[in-house]
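Reader: I'd like to learn how to read a model like this one. Could you take me through it, starting from a single residue?

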Amino acid sequence: MFSWLGRDDSKKNPDVYESVTEGLQKIYKNKLLPLEEHYQFHDFHSPQLDDPDFTAKPMILLVGQYSTGKTTFIRYLLERDFPGIRIGPEPTTDRFIAVMYDDKEGVIPGNALVVDPKKQFRPLSKFGNAFLNRFQCSSVNSPVLKGISIVDTPGILSGEKQRTDRGYEFTGVLEWFAERVDRIILLFDAHKLDISDEFRRSIEALRGHDDKIRIALNKADMIDHQQLMRVYGALMWSLGKVLGTPEVARVYIGSFWDQPLRYDVNRRLFEDEEQDLFRDLQSLPRNAALRKLNDLIKRARLAKVHAYIIAALRKDMPSVFGKDSKKKELIKNLGAIYEQIQREYQISPGDFPDLKKMQEQLVHHDFTKFQPIKIKLLEVVDKMLSEDIARLMAQIPQEEEAYRDVDQGNVKGGAFKNIEDTISPFGYKRGEGVDAGAGEIEWVVNKDRSKYDAIFDTLGPVDGKVTGASAKAEMVKSKLPNAVLGKIWKLSDLDKDGFLDADEFALAMHLIHVKLDGHDIPTELPEHLVPPQKRDMCSFNGGD
């Protein structure tokens with residue numbers, strides 16, 4: 001009787017969110033944050049997340065030794081200077097600079113930044129004035145920054161310069177940014193591959209964020225092709241040792257500035273690599289919600305493990321005597337506690353915090369103030385991961401589709417204009433492959449027409465056409481897979497009669513050579529490749 005009074009209607013009426021970002025904000029505050037606060041998660045791992053952490057534009061973090069071209073890379077992306085820019089061969093960037101969009105250009109000092117509730121930098125105040133005096137925001141009215149923000153970092157020191165004390169926890173700041181950014185670009189100079197001790201520590205601080213790391217081998221035009229291959233091999237070997245993973249992150253080779261190439265033998269390689277890297281960066285706004293969702297899942301898993309660790313330590317503490325000695329014993333045997341929790345709760349070892357770091361932090365805490373296990377808090381987080389996160393995951397494709405419909409979700413302007421350049425002859429792959437001959441008066445296939453006609457005549461045409469079997473016998477000599485040749489046939493047989501006339505055969509041979517030269521075959525035939533006599537029978541507005 002009256003059972004409806006205690007009925008849980010949450011399953012009937014699950015929360016509905018207008019956007020993935022709004023959903024993440026709400027489930028964090030209502031479901032994950034209580035667990036974090038109960039077990040002092042913020043003292044050990046990461047500060048509490050605020051609204052700007054969810055609503056901020058995607059961020060790119062640039063890390064590298066001094067004079068590897070970090071600041072020049074930003075200038076290259078924006079195609080302009082920004083307030084506070086300094087470029088030179090010595091360590092010129094001695095501060096963290098967040099380059100962000102604003103109508104009014106200028107510089108905002110660090111102390112003002114960390115009290116701005118609209119910015120996501122408030123937790124950085126814990127690193128003190130020594131850091132805040134070396135932190136600033138450069139506001140720039142650039143279309144690129146409408147989609148992303150970029151963080152320039154101080155040049156990492158090498159040699160004797162490493163002995164200089166920065167006055168703040170440099171790797172701690174890097175860790176804070178690494179947790180919140182969408183991409184981490186490690187820049188290397190092709191002339192300077194030595195990984196200093198400070199650089200090694202900095203890379204180690206980025207561990208756990210391997211999916212965000214991209215590596216750029218910059219200034220690659222300053223060495224010839226043979227040297228470049230040696231440098232690339234040496235870089236991969238060094239990174240394999242430092243990153244400590246069997247798979248090394250993708251390395252982009254290029255020269256990211258607007259000056260003439262010293263050695264242009266690798267020009268095409270540089271263009272391909274730049275295109276790949278910029279497309280990756282350009283997609284960040286569209287993929288930002290998925291990245292934030294992924295980061296929240298990782299945070300929730302860590303918060304759960306942290307709760308189990310804290311509760312286990314509290315459980316083993318004596319109530320009256322021998323607290324200090326027991327605390328030392330528990331810290332020493334923390335590895336055994338990890339193993340016990342793994343077995344008891346079937347948790348992967350990869351979900352646990354770094355053992356040594358956790359031991360160092362526990363020294364400064366009073367174990368008697370730790371809270372025992374509270375099952376309800378953990379159940380709420382489990383339900384969040386299984387239900388709320390799943391609903392938000394289902395919402396992401398809809399948001400991405402909406403972005404595409406309104407032509408949003410991609411970074412625009414600056415160097416990114418070159419990705420979309422289909423007008424000037426200097427656009428990516430303009431005049432190459434299937435694009436060769438576009439805009440020309442003469443049909444590009446005619447350049448080799450005499451050769452194609454000679455082959456055509458040997459195939460015994462009847463009424464000016466060769467059969468599919470005859471054409472196939474010639475086309476397979478290219479050794480291209482049948483799937484590719486089938487695609488070429490469909491594009492070339494314009495009247496769909498199962499035969500090829502001289503024009504269609506010449507077109508097929510042209511497309512075969514395009515593919516053999518390493519270019520892709522289009523899904524639809526561009527207008528300039530259609531034989532001039534057949535252009536009236538074809539439509540170029542999305543159909544045949």
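Author: Sure. Leaving out neighbours within four places in sequence, Met509 is in contact (heavy atoms within 4.5 Å) with Tyr452, Ile455 and Glu474. This is a predicted model, where local features need pLDDT of at least 70 and side-chain atom pairs count only at pLDDT 80 or more, while totals for chains, interfaces and linings use all residues. Residues are numbered from 1 along each chain as its sequence is written, and side-chain values use heavy atoms, with hydrogens and water left out.

Reader: Which helix does Met509 lie in, and does Met509 count as buried or exposed?

Author: Met509 sits in helix H19, residues 502-516; helices are DSSP runs of H or I with at least four residues, strands are E runs with at least two, and both are numbered from the N terminus. Met509 counts as buried because its relative accessibility is 6%. Buried means under 20% relative accessible area, exposed over 50%, and partly exposed in between, using a 1.4 Å probe and protein chains only. Arg449 is 60 residues from Met509 in sequence, yet the two C-alpha atoms are 9.6 Å apart.

Reader: And in a loop, what does Asn266 touch?

Author: Asn266 touches His225 and Leu228, once residues up to four places away in sequence are set aside. The loop holding Asn266 runs between strand E8 (251-253) and helix H10 (267-282). Asn266 counts as buried because its relative accessibility is 5%.

Reader: Now the empty space. How much lies in the largest pocket?

Author: Rolling a probe the size of a water molecule over the atoms shows where empty space is left. Here the largest pocket holds about 1500 Å³. It is lined by 42 residues, and those closest to its centre are Glu175, Glu179, Arg207, His209 and Lys357. A pocket is an open set of points on a 1 Å grid over the protein atoms alone where a 1.4 Å probe fits, with protein on both sides within 12 Å along at least five of seven lines; lining residues have an atom within 4 Å of a point. Points join across faces, edges and corners, and the volume is the space filled by probe spheres set on them.

Reader: Which helix gives the most to that lining?

Author: H11, with eight residues. Helices that each supply at least two lining residues include H7 (170-180), H8 (197-205), H11 (284-315) and H14 (355-362).

Reader: And the whole chain: how many helices and strands?

Author: The protein chain has 19 helices and ten strands. Of its 544 residues, 47% count as buried. Among contacts between residues at least 6 apart in sequence, 77% join residues at least 24 apart.
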